[in-house]
Amino acid sequence: MDTKRLVVAISSRALFDLDESHKIYEEQGTEAYCKYQIDNEDVPLAPGGAFNLVRKLLALNDNNPNTPRVEIILLSRNSADTGLRVFNSIQHHKLTITRAVFTSGSSPYRYVAPFSASLFLSTSPEDVGMALDAGIAAATILPSHVGNNNDSEELRIAFDGDAVLFSDESERIFKEQGLEAFTENEQQTAKNPLPGGPFKDFLLALNQIQTEYDEDESPIRTALVTARSAPAHERVIRTLRAWGIRIDEAIFLGGMEKGPFLKSFGADIFFDDQEQHCMSAMAHVATGHVPHGIANEIKKD
């Protein structure tokens with residue numbers, strides 16, 4: 001079966017811990033930053049927030065090295081000169097990343113589309129917002145030092161529902177009219193699939209890889225972790241069924257804090273549109289904020 005390669009674009013600060021050198025840049029300027037990176041170009045960088053995700057995505061190619069299913073593209077605001085430390089770190093950690101763009105300070109997001117990336121991960125909310133506006137799944141990797149919460153080689157990815165996997169149309173009703181109106185709407189439209197959100201196509205791509213394995217042998221496990229509860233669960237289940245997507249675990253929390261459940265799931269990364277849920281999550285797992293939908297519109301106003 002001819003399957004499309006899953007392409008993920010990632011910034012150097014999402015892949016590696018560049019906090020120390022970024023502090024030098026902010027406090028001492030570009031020249032001091034460049035000198036620091038060149039002086040330390042043989043010192044490997046420590047893993048960043050999305051490192052385990054990238055490592056496990058690349059491991060999906062191990063079974064088919066001649067026809068890789070996943071490609072990681074590095075997009076960096078470094079210059080090629082200062083970016084040498086990043087490439088040396090990639091080699092040190094044995095990551096098979098061969099394509100990269102160094103933009104010397106300008107936004108690299110404009111290269112996401114030419115690479116046909118299904119996902120863009122960055123520490124820059126501005127770059128992420130522009131990618132989302134262009135119709136590309138994107139998230140801001142939040143600072144977290146929780147380490148590897150999932151010791152197995154299985155890749156575990158958790159998603160919020162509304163405004164991430166699904167559109168924000170139902171969340172908009174909740175925010176503007178309250179829980180009662182939201183619940184009534186979801187009951188009335190339970191058999192109508194929700195429109196797709198920014199991460200629908202990424203989940204579809206993951207699901208495509210999953211279908212190449214027997215269910216009990218898949219190297220990928222996905223979870224929906226949502227603040228929804230019964231009876232608003234039915235529309236979600238019917239939507240995933242209509243999309244032909246298998247989600248491995250569905251956790252309907254009814255407003256409970258998400259962090260402890262994500263830790264129990266063992267997520268390598270969690271994607272959510274609401275900052276309060278991201279704050280809860282990042283204490284336990286690597287977290288990507290998806291600045292999309294009404295929750296983020298309100299914040300801008």
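Strand β6 (residues 155-159) and strand β7 (residues 220-226) run parallel and are joined by five bridges. Within this pair, Ala158 has Ala223 of β7 as its bridge partner. The model is predicted: local features need pLDDT of at least 70 and side-chain atom pairs count only at pLDDT 80 or more, whereas totals for chains, interfaces and linings use all residues. Residues are numbered from 1 along each chain as its sequence is written, and side-chain values use heavy atoms, with hydrogens and water left out.

Strands are DSSP runs of E with at least two residues, helices are runs of H or I with at least four, and both are numbered from the N terminus. Two strands count as paired if DSSP finds at least two bridges between them. An open sheet of 10 strands has the order β3-β2-β1-β4-β5-β10-β9-β6-β7-β8, with mixed pairing. Because β3 (99-102) and β8 (249-252) each have a single partner strand, one side of each lacks a neighbour in the sheet.

Helix α3 (residues 30-39) has both buried residues (under 20% relative accessible area, 1.4 Å probe, protein chains only) and exposed ones (over 50%; partly exposed lies in between).

| Side of α3 | Residues |
|---|---|
| Buried | Tyr33, Tyr36, Gln37 |
| Exposed, turned away from the buried side | Glu31, Lys35, Asp39 |

Seen down the axis of α3, the buried residues fall within an arc of 95°, so they line one face of the helix; the arc is that of the directions from the helix axis to the C-beta atoms. These buried residues pack against α2 (19-28) and α5 (84-92), where contact means heavy atoms within 4.5 Å.
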